[in-house]
Amino acid sequence: MAELKPGIRHHWRTRLIHANTRPSMPFRSLATPLYRGSTVLFDRFADASDDWRQATGYSYGQYGTPTTLELGARVAELEGARHTFIAPGGLAAISLVYLAYCRSGSHALLPRNAYGPNSELGRDLLRGLGIEVEAYEPGIGAGIAAQIRDNTALIWCESPGSVTMEIEDVPAIARTAHARGVPVALDNTYAAGVLFDAFAHGVDVSVQALTKYIGGHSDLLLGSVSVADDQGFERVGQALNQLGLCASPDDCSLALRGMQTLAVRLDRLEQTALRVATWLTSRPEVELVLHPALRDCPGHELWKRDFSGSASVFSVVLRPEWTPARVVGWMESLALFQMGFSWGGVASLVMAYPKLSRLPEGRGPRLVRLNVGLEEPEDLIADLAQAFDRA
Ligand SMILES: *Cc1c(COP(=O)(O)O)cnc(C)c1O
């Protein structure tokens, strides 16, 4: 590009767009700068490439700005991935993985306790595209072999499972899948990419809703898809860039900020969740506490073997005399636990699932999921106690 000629004074309308003044560089902020941008400028036409594989030769905002690529690189470093792609949300990350690995005629396997919208995607949109998504029992382990077919293109794991919190034997599933040449994707949101080492346990693709722990403040939606190897990089990268799923640099900037406090938040959340969950086990109203670090939770031994810690979200099942109306009454009497979907932020949340049918003995409608935040544990316990007294 030619320089603007310093001697020429353009019309003010032109000067609004073109200026000779530029901030003096280098400026080194401790924080990652927020780079917004659709168009990327080139000095020479020969540099004007739009190949998404060029990680550092920026081509178009769609394929990343320094801010979005920095977030991907940071998540990749944390998870030990070959590469991490950033998607506009956790669910977008999930749908991206399906479209990267499945074709019309493909079969995919998904645990019965998977994140609800993932199951819905299989039942509706993917079925319409000729992709069959079949459910399997989360305790299946190496028994998954019986459900693998010649056209199985993808096996999902989610551990712990959404709402019901069962831990899966991911290494056994990965070994069995790989023996048949099938890639394994894990929804690793609960572990924030750190409490469970997906790649060390044989997973090929690790997905996170960065919305939860990495964002950490309930003010953004982002997802990540981390791949173990070059093959995953090609498949996911091509699908991502052809679909045009791109994330806002502003949200990525917030996620980069959230990431810096992930360790202290997770430590504190783990302690508070264990404190509250343990107190709940002593309550006469409670039949079961589903928290993977507690012995009664299905898959607890696997959690001890494979995880380095537990997080902020868990569920309780109230005793059989608790009707759905009474469960709702209890929830609505809570003051510090607010009713809302999602988890992983700084505020405590609560949600019931009256239509939940996968638990035995009609337990589903008596299940309440709790997410603890950064409040003082004794205040949270007092809140739960006063709501029990009122219900
Ligand atoms: C929240 C969540 C998602 C989806 O994330 P969004 O960013 O809300 O789209 C996916 N998987 C799990 C396990 C989740 O909890």
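**Two domains and what lies between them**

Across the interface of domain 1 and domain 2, the rule finds 1 salt bridge. Before I go on, please keep in mind that this is a predicted model.

The domains themselves come from a domain assignment, which gives domain 1 as 65-260 and domain 2 as 262-390. Their C-alpha centres are 25 Å apart. In terms of contacts, 33 residues of domain 1 meet 33 residues of domain 2. About 2700 Å² of area is buried between the two domains, and carbon and sulfur atoms give 63% of that. On the domain 1 side, the residues that lose the most area to domain 2 are Val163, Leu195 and Tyr213, which together account for 27% of what that side buries.

One salt bridge to find on your screens is the one that Asp169 forms with Arg305. The closest N and O atoms of this pair are 2.8 Å apart.

Next, the nonpolar cores. As background, nonpolar side chains tend to be buried together in soluble globular proteins. Here, the largest nonpolar core has 83 residues, and Leu71, Ile155, Leu280, Phe314 and Val368 have the most contacts inside it. Helix H8, residues 262-281, gives the most to this core, with 8 residues. Where does this core lie with respect to domain 1 and domain 2? Both domains give residues to it, so it lies between them.

Take Phe314 as an example. Leaving out residues up to four places away in sequence, Phe314 touches a list of residues including Met165, Ala273, Val276, Ala277, Leu280 and Val368. There is also a second, separate core of 30 residues, with Cys102, Ala185, Val207 and Ala239 among them.

Val207 brings us to strand S6, residues 205-209. How many residues of S6 are buried? The count is 5 of 5, so to speak of S6 as mostly covered is fair. On one side of S6 are Val205, Val207 and Ala209, and on the other are Ser206 and Gln208; all are buried, and both faces are covered. That split fits a general pattern: in a regular strand, the side chains alternate between the two faces of the sheet.

S6 has a partner in strand S5, residues 184-187, and 3 bridges join these two parallel strands. S6 also pairs with strand S7, residues 223-227, in the antiparallel sense over 5 bridges. Ser206 takes part in both pairings: Leu186 has Ser206 as its bridge partner in S6, and Ser206 stands opposite Ser226 in S7.

Just before S5 there is a loop, which runs from helix H5 (170-179) to S5 and holds Val182. Is Val182 buried or exposed? Its relative accessible area is 2%, and buried means under 20%, so Val182 counts as buried. Leaving out residues up to four places away in sequence, Val182 touches Ile148, Thr152, Ala153, Leu154, Ile155, Ala177 and Asp204. The C-alpha atoms of Val182 and Asp150 are separated by 9.5 Å, with the two residues 32 apart along the chain.

Last, another sheet. This one is open and has 5 strands in the order S8-S9-S12-S11-S10, with mixed pairing. Which strands are at the edges? They are S8 (286-290) and S10 (338-339), each of which pairs on one side only. Further in, S9 (residues 313-318) and S12 (residues 367-371) pair in the antiparallel sense over 5 bridges. In that pairing, Val316 stands opposite Val368 in S12.

Notes. Residues numbered from 1 in each chain as written. Predicted model: local features only at pLDDT ≥ 70, side-chain atom pairs only at ≥ 80, totals over all residues. Heavy atoms only, no water. Buried < 20%, exposed > 50% of the residue type's maximum accessible area, 1.4 Å probe, protein only. Helix = DSSP H or I, 4+ residues; strand = E, 2+ residues; numbered from the N terminus. Pairing = 2+ DSSP bridges. Core = buried A, V, L, I, M, F, W, Y, C linked by side-chain atoms within 4.5 Å. Domains from an automatic or database assignment. Contact = heavy atoms within 4.5 Å. Buried area = accessible area lost by both parts, 1.4 Å probe. Salt bridge = Lys/Arg side-chain N within 4 Å of Asp/Glu carboxyl O.
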